[in-house]
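Biologist: Please take a close look at one part of this model, the middle of its sheet. Keep it brisk, and tie that part to its surroundings.

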Amino acid sequence: MTSTRLTGRHAIVTGSTSGIGAATARVLAAEGAAVVVTGRDRARGEAVVKEITGDGGTAFFVPSDLAGTPDEVRAFAAAARDALGGRVDVLVNNAAVCHPTTTTGLSDAQLDESLAVNVRAPHVLVAALVPGMVERGDGAVVTIGSWMASTGSPAVGLYAATKAAEQQLTRSWAAEFGPSGVRCNTVAPGVTRTPINESDGDVLDRLAAGTPAGRTVRPEDVAHAVAWLASSDAALVHGVTLAVDGGISTTRAL
């Protein structure tokens with residue numbers, strides 16, 4: 001079931017041409033928001049927009065490369081804001097890069113890309129878009145974190161570190177912008193099955209088997225949590241990391 005609690009809201013969801021981002025764009029639109037879908041792949045982005053508008057929602061595709069320079073990211077923010085009629089009420093920092101390799105195996109280019117997309121871009125977007133929310137006294141920033149932000153791993157150390165950085169930035173943004181009416185929170189998914197990792201389905205199932213939920217996270221599970229945090233239903237929620245992970249970060253089912 002969906003509601004209309006986001007009617008009249010204008011949202012940007014980064015990295016929304018597939019996976020969690022696309023599911024989030026669909027759910028926000030289904031709940032009444034006008035949504036900017038964005039990413040590097042125009043064909044996939046326009047397909048998401050077509051799906052949303054075909055279901056009666058409002059969506060626009062604005063291309064972006066969040067690994068670009070800060071000025072390029074700011075230019076995207078301005079273009080997305082213009083597409084939404086000059087106002088952004090909800091920013092969802094979803095786009096992320098994960099290079100599954102060891103510390104010694106990570107190339108300089110992969111290091112730079114991970115830091116640019118996962119940390120620098122959200123920071124630049126918040127700096128560019130949240131002042132407008134502050135001026136109106138209302139808005140929400142939801143950043144997609146990860147259960148791995150608090151768990152050591154030999155293969156995704158930098159990715160996990162960038163997710164921990166995002167969660168700390170979110171807490172700081174909550175303290176900085178909350179008094180002006182802008183709520184900033186994180187949703188931390190667990191083992192999530194997406195088109196990118198579908199070939200690793202058996203591995204994902206084994207990881208999720210020991211959780212209380214006993215299954216992998218669906219992109220829609222994360223999307224509904226984002227929609228709640230973006231809505232006035234979560235009016236008193238500031239600076240939290242909401243785990244949507246089947247319990248993998250807090251429990252072990254025996």
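Modeller: What follows starts with strand β5 and works outward to its partners, the core and the whole chain.

This is a predicted model, so local features are taken up where pLDDT is at least 70.

Start with β5 itself. Six of its six residues are buried, so β5 is largely enclosed by the rest of the structure. Its side chains alternate. G139, V141 and T143 point one way, while A140, V142 and I144 point the other way. Both sets are buried.

Now the partner on one edge. β5 pairs with β4 in the parallel sense, over four bridges. One register point is useful here: A140 in β5 is the bridge partner of V90. To get from β4 to β5, the chain passes through helix α4, residues 108–136. That β-α-β crossover is right-handed.

Helix α4 also holds H123. With a relative accessibility of 43%, H123 counts as partly exposed. It touches L169 and W173, once residues up to four places away in sequence are set aside. E166 is a further reference point for H123: the two are 43 residues apart in sequence, yet their C-alpha atoms are 8.8 Å apart in space.

Next, the pairing with β6. This strand covers residues 182–189 and runs parallel to β5, with six bridges joining the two. Two positions fix the register. V142 stands opposite N185 in β6, and I144 stands opposite V187. The connection is again a β-α-β unit: β5, helix α5 (residues 157–177) and β6, with right-handed sense.

Helix α5 carries a residue worth a stop, K163. Is K163 buried or exposed? K163 counts as buried, with a relative accessibility of 1%. Its contacts beyond four places in sequence are A96, I144, G145, S146 and A149. I144 in that list is also a residue of β5, so here the helix meets the strand directly under the 4.5 Å contact cut-off.

β6 has cover on both faces as well. V182, C184, T186 and A188 lie on one side, and R183, N185, V187 and P189 on the other. Eight of the eight residues of β6 are buried, so this strand too is largely enclosed by the rest of the structure. Note that R183 and N185 are among the buried residues. β6 then pairs with strand β7, residues 241–244, in the parallel sense over four bridges. There, A188 stands opposite A243.

Step out to the core. The largest nonpolar core has 34 residues. L28, V35, V37 and V187 touch the most other members. V187 is the β6 residue that stands opposite I144. Several elements give two or more residues to this core, including β4 (90–93), β5 (139–144), α1 (19–30), β2 (34–37) and α7 (219–230). Another core, of 29 residues, lies apart from it, with V36, A77, A80 and F177 among its members.

V37 shows what a well-connected member looks like. Leaving out residues up to four places away in sequence, V37 touches S16, A25, G45, V48, V49, I52, F60, F61 and V62.

For contrast, look at a loop. G32 sits between α1 and β2. It is partly exposed, at 31% relative accessible area. Its contacts beyond four places in sequence are L6, T7 and G8. The C-alpha atoms of G32 and S3 are separated by 7.8 Å, although the two residues are 29 apart along the chain.

Finally, the whole chain. It has seven helices and seven strands. Along the sequence, the pattern is β-α-β-α-β-α-β-α-β-α-β-α-α-β. Of its 254 residues, 48% count as buried. Among contacts between residues at least 6 apart in sequence, 73% join residues at least 24 apart.

The overall dimensions follow. The radius of gyration is 17 Å, which agrees with the value near 18 Å for a compact globule of 254 residues. The C-alpha atoms fill a box of roughly 50 × 40 × 40 Å along the principal axes. The chain exposes about 11,300 Å², of which carbon and sulfur atoms supply 55%.

Terms used. Residues are numbered from 1 along each chain as its sequence is written. This is a predicted model: local features need pLDDT of at least 70, side-chain atom pairs count only at pLDDT 80 or more; totals for chains, interfaces and linings use all residues. Side-chain values use heavy atoms; hydrogens and water are left out. A nonpolar core is a set of buried Ala, Val, Leu, Ile, Met, Phe, Trp, Tyr and Cys residues joined through side-chain atoms within 4.5 Å. Buried means under 20% relative accessible area, exposed over 50%, partly exposed in between (1.4 Å probe, protein chains only). Two strands pair if DSSP finds at least two bridges between them. A crossover is right-handed if, with the strands pointing away from the viewer, the path from the first strand over the helix to the second runs clockwise. The radius of gyration is taken over C-alpha atoms; the globule rule is 2.2 Å times the number of residues to the power 0.38. Accessible areas come from the Shrake-Rupley method with a 1.4 Å probe; for residues, only the protein chains shown count as cover.
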